[in-house]
Amino acid sequence: MKMTHLAVTTALVLAPLAAAAQEQLSLYNWGDYINPEVLEAFTKETGIEVTLDSYGSNEEMLAKIQAGATGYDIVFPSVHMHDIMFQLGLLAKTDIGASPEFKNIDPQFVRAKTDPNAEYCLPYAWGNVGIVYNKALAGDIKSWKDFFALGAEGKKITLLDDLRETIGIGLIMNGKSVNSTDPDEVTAAADYIVEHLDGVTAFTYDSVPQVISGDVAAAHWYVGANLFVSENPDTIGYIIPEEGATMYQEDICVLESAPHKENAKKFLEFYLKPEIAALNVKQQMNGTPNVPAQKLIPAEIASNGTIYPPQDVMDKLQIFEDLGRDLQLYNSEWTRIKTAQ
């Protein structure tokens, strides 16, 4: 999740050149967060040309859409941002929940409070946010306590450039909800982060290459790190900290301003296919809400306890909710954290 920014254009296949202007679809997704083979398969089946731009955070995506960015058809917001965008009137009704193939979706993943019947968006992917670490530098770490101890020892660590995720660590360490709106709790959580900034060299999404190279001992990062772990198993590892962590879920939503709404709805229907959801998991190494797809996932992914955690670990994962105006509590504390670094 949320990796390097990129732009991908898949070739137009099968559609006559004269129809190319109509047969288009523009996606705006987290960086490197969809398997290009999924887009190629969609183009092959439908003749619709797909373009993909990427963003690094929910806030970046929302700001661009609100600033008047036109041309995008589909975005992939986290659940709390799904709720925010609904309230802002930015989402188009798709009735995807009425699709016969929506039976493939585990009902527990229809999480958005503003969209209880999936009339707008399709649950896409889920995962957790933990620690990716360099085995030689970090040793056998198991917890947030171990993570921050590395910084106290003079080793380099990084935190995500995300106010909810980073302040969320402080809330978890203080035994509070990551959706707390108690000013004292949010301040205490920020205090925890400020008090543990030793060794924090950056707030960034681009940490994994530094962990692999040994420039950084460990980084606050996403379960998608397992993709890099599989390529560098002797060098790096990924853990869900013992104290608990956050989990995320992204949904596929069509924008009210989408120029190609019918093509966008075709993509949502296409993504309901178990083999397509499984194809994405194969490369992304995150969870899918598509139940039949889970039987098609490679065994090494399905059996990985950091991708599909056991229930006792799942019970320690918290998902963000829309805080409305109370988000300002986090904004002010985030400024204090960033200036204290």
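## A walk through the inside of the model

**Stop 1: Val132.** Start by selecting Val132, which you'll find in strand β5. Keep in mind as you click around that this is a predicted model. Is Val132 buried or exposed? Its relative accessible area is 0%, and buried means under 20%, so Val132 counts as buried.

Now show what surrounds it. Setting aside neighbours within four places in sequence, Val132 is in contact with Val208, Val211, Ala218, Ala219, Trp221, Ala225, Ile236, Gly237 and Tyr238. For a different view, add Gly47 and draw a line between the two C-alpha atoms: Val132 and Gly47 are 85 residues apart along the chain, and the line spans 39 Å.

**Stop 2: the nonpolar core.** Val132 is also one of the residues that touch the most other members of the largest nonpolar core, which has 78 residues. Select the others in that group too: Leu27, Ile74, Met85, Leu122, Ile252 and Phe267. Here's some background: in soluble globular proteins, nonpolar side chains tend to be buried together.

Zoom in on Ile74. Which residues does Ile74 touch, not counting those up to four places away in sequence? The list includes Leu25, Leu27, Tyr28, Ile252, Cys253, Val254 and Phe267. Before you leave, pick out Ala138, Ile141, Phe147 and Ile239, which belong to a second, separate core of 29 residues.

**Stop 3: the disulfide.** Cys253, one of the residues touched by Ile74, is your next selection. Which residue is Cys253 linked to? Its partner is Cys121, and the two sulfur atoms sit 2.1 Å apart. This link joins distant parts of the chain: Cys121 lies in the loop between α3 (79-87) and β5 (122-134), while Cys253 is in strand β10 (residues 245-254), 132 residues away. Look along the S-S bond and you'll see a right-handed link, with 120 degrees about that bond. Both cysteines are buried. Searching the whole structure turns up one disulfide, so you can stop hunting once you have this pair.

**Stop 4: a cavity.** Stay on Cys121, because it also helps line the second largest cavity. How many cavities of 30 Å³ or more does the structure hold? There are two, and the second largest has a volume of about 30 Å³. Select the rest of its lining: His82, Phe109, Val110, Arg111, Ala112, Asp115, Ala118, Pro123 and Asp251. Colour the lining by type, Cys121 included, and you get six nonpolar residues, one polar and three charged.

Notes. Residues numbered from 1 in each chain as written. Predicted model: local features only at pLDDT ≥ 70, side-chain atom pairs only at ≥ 80, totals over all residues. Heavy atoms only, no water. 1 Å grid on protein atoms, 1.4 Å probe; cavity = no way out; pocket = protein on both sides within 12 Å on 5 of 7 lines; lining within 4 Å. Points joined across faces, edges and corners; volume = space filled by probe spheres on them. Nonpolar A, V, L, I, M, F, W, Y, C, P; charged D, E, K, R; others polar. Disulfide = S-S within 2.5 Å. Helix = DSSP H or I, 4+ residues; strand = E, 2+ residues; numbered from the N terminus. Buried < 20%, exposed > 50% of the residue type's maximum accessible area, 1.4 Å probe, protein only. Core = buried A, V, L, I, M, F, W, Y, C linked by side-chain atoms within 4.5 Å. Contact = heavy atoms within 4.5 Å.
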